[in-house]
Amino acid sequence: MSDIDTLYARWLDGELSAEEIKSLKESGDWAELEALVIATNSLKLPAYDKDGAFGKLMTANKAKTATIDPNAHRIKLSTILSAAASLLLLLGALFFLRQEAPDATAEYGETINYVFSDNSKVVLNDGSSISYNQDKWADERLVKLTGEALFDVERGTKFIVETENGSIEVLGTSFNVRAWDRNLYVECYHGKVRVYANGESTELTKLRAVNIVNGTFGDVEEIRNEKPQWTDGTSGFKEESLNSVFAELERQYDIKVDMPNLNTKFTGIFSHDDIKKALQQVSKPMGLKYDINEDLNHVIITN
C-alpha cells in the first residue's frame with residue numbers, strides 16, 4: 001500500500017495525530033479530505049459488516065506509518081477518490097460472493113458430492129445447486145436448494161432444506177428432494193422428515209414419499225427404493241408434466257429439446273447412459289416422435 005493509501009486509511013480509522021491534521025490543513029489538503037467525506041457519504045453499500053472487513057484489511061498494514069512532509073506534493077482528490085472507489089468495490093464484491101454465490105453446483109450432465117463441516121453430506125443431481133451461510137452453520141443448519149439432491153444428515157441442531165416450492169425439516173436422516181418447476185417430491189430413506197408447503201405440512205418416515213404439485217399435497221406413499229433412482233443411472237417420474245421430464249433430459253444430457261406444448265403427465269423412467277434409449281423410453285409410451293441432429297446437441301419432439 002502506498003503512503004497516500006495508508007494515510008487515507010488512517011484518516012478513515014481516526015488515527016491521524018493532531019500534528020498530522022495541522023500539517024494537512026496548512027498544506028491545503030484537508031479541504032480535499034472534507035470534500036471526500038461529502039462524496040463518500042452519498043455512496044451506499046448493501047448491509048454488510050464493513051467494520052469487520054476493513055479491520056481485517058488494516059491488520060496486515062498496522063506496522064506501516066505514514067509521515068507527512070509539508071513540502072511534499074499535495075494529495076490529489078482524484079487519487080483519494082480512486083482509492084475509496086477501490087475499497088467500496090472490494091467490499092461490494094465480498095458481500096455478493098458471501099451472500100449470493102452458490103456453495104456447490106452440479107453442471108448439466110454431472111453429479112457432485114459435497115460434505116458440510118458437521119460431516120453431513122449431499123449429492124447434487126445434474127443442474128442443481130445449494131447455498132448456505134458457513135459462518136452460522138454451527139447454530140443454524142439452513143440449506144437453500146435449487147433442483148434435486150440426496151441428503152445424509154448427521155444428528156445435531158435442526159437441519160432445514162429450503163426450496164422455492166416448500167421446505168424440509170430434519171434432525172438426522174437420509175432423504176431425497178426434487179424441486180423443479182412447480183413440483184416438490186420428497187423421499188425419506190432413514191429417520192424422519194417434515195415437509196412444509198403452502199401453509200401445510202406432513203411427516204415422512206422411513207420408505208415414505210410425498211409429491212406436492214402447485215402447493216397441493218398428494219397422499220403419503222410407500223416406496224421400495226432405499227436411495228434415489230438417479231444415483232443408479234435412471235431418472236424416475238410419477239405423474240409429472242412432459243415439460244418437466246424433457247427439462248430433466250436436457251440437464252442430464254446437456255442438450256436442447258424443442259417440443260410442442262403438451263398438457264400431458266408422464267409416469268416412468270429414462271436411462272442416463274444412452275440418449276437414444278432415453279428418448280425412446282419417454283417418447284414411445286406417449287405416442288411421440290423425435291429427431292436428433294448430427295452432433296446430438298439438439299432434439300426435436302413431434303406428435
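**Entry 1: Glu240**

I began with Glu240, which is buried, with a relative accessible area of 5%. The model I am looking at is a predicted one. I placed Glu240 in strand β15, residues 234–241. I then listed what Glu240 touches, leaving aside its neighbours within four places in sequence: Arg178, Asn183, Val245, Thr264, Lys265 and Phe266.

**Entry 2: The chain as a whole**

I stepped back to the whole chain. I counted seven helices and 19 strands. Buried residues make up 41% of the 303 residues. I looked up the exposed surface, which comes to about 17300 Å², with 48% of it supplied by carbon and sulfur atoms. Among contacts with a separation of 6 or more, I noted that 45% are between residues 24 or more positions apart.

**Entry 3: The largest nonpolar core**

Which residues touch the most other members of the largest nonpolar core? I found Phe151, Ile168 and Val195, in a core of 31 residues. I then listed the elements that give two or more residues to this core: β3 (121–124), β5 (141–152), β6 (159–163), β7 (166–170), β8 (174–179), β9 (183–190), β10 (192–197) and β12 (208–213). Strand β5 gives the most, with four residues. I also noted a second, separate core of 19 residues, which includes Val245, Val257, Leu262 and Phe270. Val245 had already come up among the contacts of Glu240. As background, nonpolar side chains tend to be buried together in soluble globular proteins.

**Entry 4: Phe151**

I looked up the contacts of Phe151, again leaving aside its neighbours within four places in sequence. They are Lys121, Val122, Val143, Leu145, Phe159, Val161, Thr173, Ser174, Phe175 and Val177. Val122 also stands opposite Phe151 in β5.

**Entry 5: Pairing of β5**

I went through the partners of β5 in turn.

- I found β3 and β5 paired in the antiparallel sense, over four bridges.
- Strand β4, residues 129–131, is joined to β5 by three bridges, and these two run antiparallel. Here Ile130 stands opposite Leu145 in β5.
- With β6, the pairing of β5 is parallel and has four bridges. I looked up Lys144 and found that its bridge partner in β6 is Glu162.
- With β8, I found β5 joined by six bridges, the two strands running antiparallel. Ala149 stands opposite Val177 in β8.

I noted that Leu145 and Val177, which appear in these pairings, are also among the contacts of Phe151.

**Entry 6: Tyr185**

I located Tyr185 in strand β9. What does the side chain of Tyr185 make a polar contact with? I found the side chain of Glu187, at 2.9 Å. Leaving aside its neighbours within four places in sequence, Tyr185 is in contact with Asn176, Val177, Arg178, Ala209, Val210, Asn211 and Ile223. Arg178 is also in contact with Glu240. I took one C-alpha separation here: Tyr185 and Gly166 are 19 residues apart along the chain, and 9.9 Å separates their C-alpha atoms.

**Entry 7: Helix α7**

I turned to helix α7, residues 275–283, and listed its buried residues as Ile275, Ala278, Leu279, Val282 and Ser283. They lie on the same side of α7, because they cover an arc of only 115° around the axis. In general, an α-helix has 3.6 residues a turn, so residues three or four places apart point the same way.

Which elements do the buried residues of α7 pack against? I found α6 (242–253), β17 (265–271), β18 (289–292) and β19 (298–302). At the start of α7, I noted a side-chain oxygen of Asp274 within 3.0 Å of the backbone nitrogen of Lys276.

**Entry 8: Leu279**

I finished with Leu279, which lies in helix α7. Is Leu279 buried or exposed? I recorded Leu279 as buried, because its relative accessible area is 0% and the cut-off for buried is under 20%. Leaving aside its neighbours within four places in sequence, Leu279 is in contact with Phe246, Leu249, Lys284, Tyr290, Ile292, Val299 and Ile301. I looked at Leu249 again for the backbone: the C-alpha atoms of Leu279 and Leu249 are separated by 8.5 Å, with the two residues 30 apart along the chain.

Methods. Residues are numbered from 1 along each chain as its sequence is written. This is a predicted model: local features need pLDDT of at least 70, side-chain atom pairs count only at pLDDT 80 or more; totals for chains, interfaces and linings use all residues. Side-chain values use heavy atoms; hydrogens and water are left out. Buried means under 20% relative accessible area, exposed over 50%, partly exposed in between (1.4 Å probe, protein chains only). The arc is that of the directions from the helix axis to the C-beta atoms. Contact means heavy atoms within 4.5 Å. A polar contact is a pair of N or O atoms within 3.5 Å; within protein, one must be able to donate a hydrogen and the other to accept it, and residues adjacent in sequence count only if both atoms are side-chain atoms. Accessible areas come from the Shrake-Rupley method with a 1.4 Å probe; for residues, only the protein chains shown count as cover. A nonpolar core is a set of buried Ala, Val, Leu, Ile, Met, Phe, Trp, Tyr and Cys residues joined through side-chain atoms within 4.5 Å. Two strands pair if DSSP finds at least two bridges between them.
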